[in-house]
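This report describes the fold of one protein chain. Please have the structure open while reading.

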Amino acid sequence: MALAGVAGAVPARFLALLGGSASTRYYTGLAPWQGVSPEGEVGPFSAEMGGSNRGEQVMVGVLRRPAGLFLLAAGCLFAGGASAQAMFSLFVATKDEIAARMVALADPKSGETVIDLGSGDGRLVIRSAKDRPGVRGVGVDIDAKLVGDATANSDAEGVSDRVRFMQQNVFDADLSKVDVIYMWLFPELMRLLRPKILREARPGTRVVSQMFDMGDWQSDRSDEQQDTVRLWVVPAKVQGNWQWTLTLPNGRRASYAAVVEQQFQKSDAAVRVGKERRATRMFVLRGDEVTFSLTIPLPGLPNQDHEFTGKVRGNVITGTVKLRRDYDADTNSYKFIELPWRAVRSTQTSYFAPTGLPTPTVLP
Ligand SMILES: C[S@@+](CC[C@H](N)C(=O)[O-])C[C@H]1O[C@@H](n2cnc3c(N)ncnc32)[C@H](O)[C@@H]1O
């Protein structure tokens, strides 16, 4: 489809809805999404995409008044019908070379299921099933014709027994049983989908996209060639208060209370044992797997080093903790004792428990 044709494909009524006007200008290239127009104007911008069905990745940007329009657009997205939503992200096929890199980064394995939110002609789902034996796939797209094309393509490529395409709004897609989510949609649409993904997808689900980022949610990995392909791992929810006890090598018991803070996959914690409080080190959350180190005095054990490793399952973390013991000169290393670790989420924390001291009078 020629550029002029793509621009023309965006109905004037829709542009008017988005605030497009005589001042609206069209231009090509990637700059609009990266914040600078060819004329050097700084974003944020929104964008319309259009292009040929065959790989060209032609982009047509629409500069428009950003903030109010974003809200208006978001309002339309939720209040309006499917036709309005489709205009948020027109069909542009991912180039074959980029599709191959997206599948490589997602790395779907036999028995896993991928979904493409806005599946177009089905190429990401079909390639995943074709290149990776035993992988299943679902594609959802708002455009019935594209759903038909994708289904025909899956027949032609001999993977129709493992893939399925359906006409559906991406906001209605079931993300609770998939292992990989592909999506290449307008940046604002991806941003609006972010809470749904974090709420509904299982911890560990890989999200793979190209070109656009996800704002504050930084990618866990990326393949930065000419067109950046990014991967995010859906993190488990660890924010809050956790408690556990350990029976120590000296036979005494220690009760731990942790306050965990979390922003997407970034977390850390303050831990209390008795009257001692320390911060965790090297807190890593990847999907449902959590690891961190802690050095804190325990009953009868001064400054005990710990290495925690566990899996988050809702309100419970189960795993092991290694306690560092004596230095072994023979092996030139420290000995460790490994104990089972089971932390439970609690609604209260003893960390900030009332001290019992009289409350100071607040001056007027
Ligand atoms: C940029 S294309 C990407 C196509 C394909 N995923 C690929 O990478 O080749 C975006 C697709 O999302 C679809 N789409 C846009 N808004 C949608 C919505 N709200 N729900 C479902 N699909 C949508 C469009 O019809 C289009 O096929």
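In which order do the seven strands of the open sheet run?

## Sheet

In this predicted model, the strands follow the order β6-β5-β4-β7-β8-β10-β9, and their pairing is mixed. At the edges lie β6 (163–167) and β9 (221–224), each of which pairs on one side only. With direction ignored, neighbouring strands are turned by 15 degrees against each other on average.

One pairing in detail: β4 (residues 113–117) and β5 (residues 136–141) run in the parallel sense and are joined over five bridges. Within this pair, Val114 stands opposite Gly137 of β5.

## Helices on the sheet

Helix α7 (residues 123–131) packs on the sheet, where it touches β4, β5, β6 and β7 (180–183). The direction of α7 makes about 175 degrees with that of β5.

Helix α9 (residues 187–200) also packs on the sheet, with β4, β7 and β8 (206–210) as the strands it touches. Between the directions of α9 and β7 the angle is about 165 degrees.

## Nonpolar cores

The largest nonpolar core has 40 residues, and those touching the most other members are Met102, Val114, Ile115, Leu117, Ile181 and Tyr182. At least two residues of this core come from each of α6 (96–106), β4, α7, β5, β7, α9, β8 and β10 (228–233). Helix α6 supplies the largest share, five residues. In soluble globular proteins, nonpolar side chains tend to be buried together.

Leaving aside residues up to four places away in sequence, Ile115 touches Val138, Val140, Ala173, Val178 and Ile181. Another core, of 24 residues, lies apart from the largest one; among its members are Ala236, Trp242, Trp244 and Val321.

## Whole chain

The secondary structure amounts to nine helices and 19 strands. The protein has 364 residues, of which 35% count as buried. Of the contacts between residues at least 6 apart in sequence, 55% join residues at least 24 apart.

## Confidence

The mean pLDDT of the protein is 79, with 73% of residues at 70 or more. Over residues 1–87 the pLDDT is below 50, although the model gives this stretch 122 contacts beyond near neighbours in sequence. Where pLDDT is low, the predicted coordinates should not be read in detail.

How values were computed: Residues numbered from 1 in each chain as written. Predicted model: local features only at pLDDT ≥ 70, side-chain atom pairs only at ≥ 80, totals over all residues. pLDDT = per-residue confidence, 0-100. Contact = placed C-beta atoms within 7 Å. Pairing = 2+ DSSP bridges. Helix = DSSP H or I, 4+ residues; strand = E, 2+ residues; numbered from the N terminus. Axes fitted to C-alpha atoms, helices over the stretch in contact; angles between N-to-C directions. Core = buried A, V, L, I, M, F, W, Y, C linked by C-beta atoms within 7 Å. Buried ≥ 20, exposed ≤ 12 C-beta atoms within 10 Å, placed from the backbone.
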